[in-house]
Number of protein chains: 2
Amino acid sequence: MNDTTTAAPLRAPLYRDIERRLTDALTHGEWKPGTAIPPERRLAARFGISLGTLRRAVDELVAANILIRQQGRGTFVARHTRDREAFHFLRIVPGRGPKAYPDVRLVAFARGKAGPDVAAALAVAPGASLFRIRNVLWLGTAPVIVDDIALSAARFAGLTERAFRERGSTIYRFYEEAFGISVVRTRERLRATRADAVAARLLDVPNGSPLLAIRRIAQSYRDVPVEYRISRVDTARHEYWADIGS
Amino acid sequence: MNDTTTAAPLRAPLYRDIERRLTDALTHGEWKPGTAIPPERRLAARFGISLGTLRRAVDELVAANILIRQQGRGTFVARHTRDREAFHFLRIVPGRGPKAYPDVRLVAFARGKAGPDVAAALAVAPGASLFRIRNVLWLGTAPVIVDDIALSAARFAGLTERAFRERGSTIYRFYEEAFGISVVRTRERLRATRADAVAARLLDVPNGSPLLAIRRIAQSYRDVPVEYRISRVDTARHEYWADIGS
DNA sequence: AAGTGGTCTAGACCACCAT
DNA sequence: TGGTGGTCTAGACCACTTA
């Protein structure tokens, strides 16, 4: 939650320690997305700390959308649902009218090599092997977004076009279930660009139309980058939303 | 911090109550931006609650950037500094190279009437009197952003072009000091557009160049809208950043 | 009824800042 | 040295879910 630039105190507070031990357990797959972690009283006993301190550590992970509390039921490891992927990570909404789920259509699946930018973004060596996936997202009755996704072939070993096409769930849920990779945050950079020939054709807009270009780095626990994605969005009838300070 | 859609429990927790009483005091000007609120132990006694509960209420306001804790010194009402306005609310950064403070140049100051969209955004009656302000923001050696600001003339009674031009501080700090209006959050919607003749001239780009258009509603305590702003950004060498899930 | 998370208390002690 | 926020504890009781 802190700025990455914040100086670490000489002795980290106990709840940070516990927080680290909890994400350790998550990273090592001790608790899977969608399942409950042990009850708070049990965890507090296991770590030999008070309930208040344990709750504080869990609070941090809840705030980071890594854990989800449900009163009376338990605390669960967050998992990607259709809603979460469509309305939390996908920040494109209609200018007017209700939100809709995107219809994701795979248009290209290939292997490639990482250029310097992608390599830096994914923390792999330049020239490392990649999967490159292109999707067109339909919202309502029109194509609105072209997504170009780059994945490290090493991290997603065994991925095939067929598995991706027939995944039967959202993309991030698929990463979770098939590769044990949980996307917990994204960093996005936006620019206004012009549609090139490919995007113009896929989005059915004139060549040179203004498109919103979003560069996204998706990260897992511990800020490990797992996906690099460039989205180009036709914002004639849709827009990107960002609330600051809430 | 909660979804606005969350059903309210039958009996609100005590700390929500305290949080409301604290923002009441802020709204009524009991504590001014930049000054310290009373120490936590004193506030807890004043409200007749435990320190833990008082801290929880303060925690919420700290998370919302309304209060700022400083260990050993006190808890202060957040105030707009150059850094906060330039790096927290202004989400435009250079594509490469270090961030810089914007140089804000006023190019137009006028009165006008609210159309339906602006009226809805500012929660004023359609046709209500407005101030309309246009600034060009320079970053480094080039004009990068055109800001068109709309303010309710009633809420900013007495504002003059001269006062705005000679404000001697950032814009949001000026709202705070001259009108007691504290901006604590913004809601932004982004689109890719083409530069019209005016923007092209002010930003020194060809007519029709792609520009990032940002519609911003700035809100004070209790989500009261206080400013409507449309920014048009030349993203050739700058970009907009958004981190999700952190 | 049993088990979970949610709220609230009372108090001890630590870390940091100003004087 | 005194005053501030930061951490941690131990425990009581409430609210909600499931069986």
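How many nonpolar, polar and charged residues does the surface near DNA strand C have? Select that surface to begin: five residues are nonpolar, nine polar and seven charged. Keep in mind throughout that this is a predicted model.

**Stop 1: the surface near DNA strand C**

With the 21 residues around DNA strand C selected, pick out A:E40, A:R69, B:L14, B:S50 and B:T53, which come nearest. Next, color by secondary structure. In chain A, the elements that each supply at least two residues of this surface are α2 (40-47), β2 (67-70) and β3 (74-77). In chain B, α1 (14-27) and α3 (51-63) each do so as well.

Now switch to the DNA side. Select the atoms of DNA strand C within 4 Å of the protein: 77% of them belong to sugar or phosphate, and the rest to bases.

**Stop 2: individual contacts with DNA strand C**

Show the side chain of A:R55. One of its N or O atoms is 3.0 Å from a phosphate oxygen of DNA strand C.

Move on to A:Q71, where a polar side-chain atom lies 3.0 Å from a base nitrogen of the strand. Then display the backbone of A:G72; a polar atom there is 3.2 Å from a base nitrogen of DNA strand C.

**Stop 3: chain A against chain B**

Hide the DNA and select the residues that link the two protein chains. On each side there are 36: 36 residues of chain A are in contact with 36 of chain B. Between them the chains bury about 3,000 Å², with 49% of that area on carbon and sulfur atoms. Label A:R191, A:E239 and A:I244, the residues of chain A that lose the most area to chain B; together they account for 23% of what that side buries.

Polar links come next. There are 20 residue pairs in polar contact between the chains, counting pairs with both residues at pLDDT 80 or more. The count of salt bridges between chain A and chain B is 10. One to display joins A:R189 to B:D243, with the closest N and O atoms 3.6 Å apart.

On the chain A side, highlight α4 (82-89), β8 (185-194), β9 (210-219) and β11 (238-244), the elements that give two or more residues to the contact with chain B. The largest share, 10 residues, comes from β8(A). By class, this side of chain A has 14 nonpolar, 11 polar and 11 charged residues.

**Stop 4: strands paired across the chains**

Finish by selecting β8(A) with strand β11 (residues 238-244) of chain B. The two run antiparallel and are joined by five bridges. Zoom in on A:L190, whose bridge partner in β11(B) is B:Y240.

Definitions and conventions:
Residues numbered from 1 in each chain as written. Chains lettered and ligands numbered in written order. Predicted model: local features only at pLDDT ≥ 70, side-chain atom pairs only at ≥ 80, totals over all residues. Heavy atoms only, no water. Near = heavy atom within 4 Å. Polar contact = N/O pair within 3.5 Å; in protein donor to acceptor, adjacent residues only side chain to side chain. Helix = DSSP H or I, 4+ residues; strand = E, 2+ residues; numbered from the N terminus. Nonpolar A, V, L, I, M, F, W, Y, C, P; charged D, E, K, R; others polar. Contact = heavy atoms within 4.5 Å. Buried area = accessible area lost by both parts, 1.4 Å probe. Salt bridge = Lys/Arg side-chain N within 4 Å of Asp/Glu carboxyl O. Pairing = 2+ DSSP bridges.
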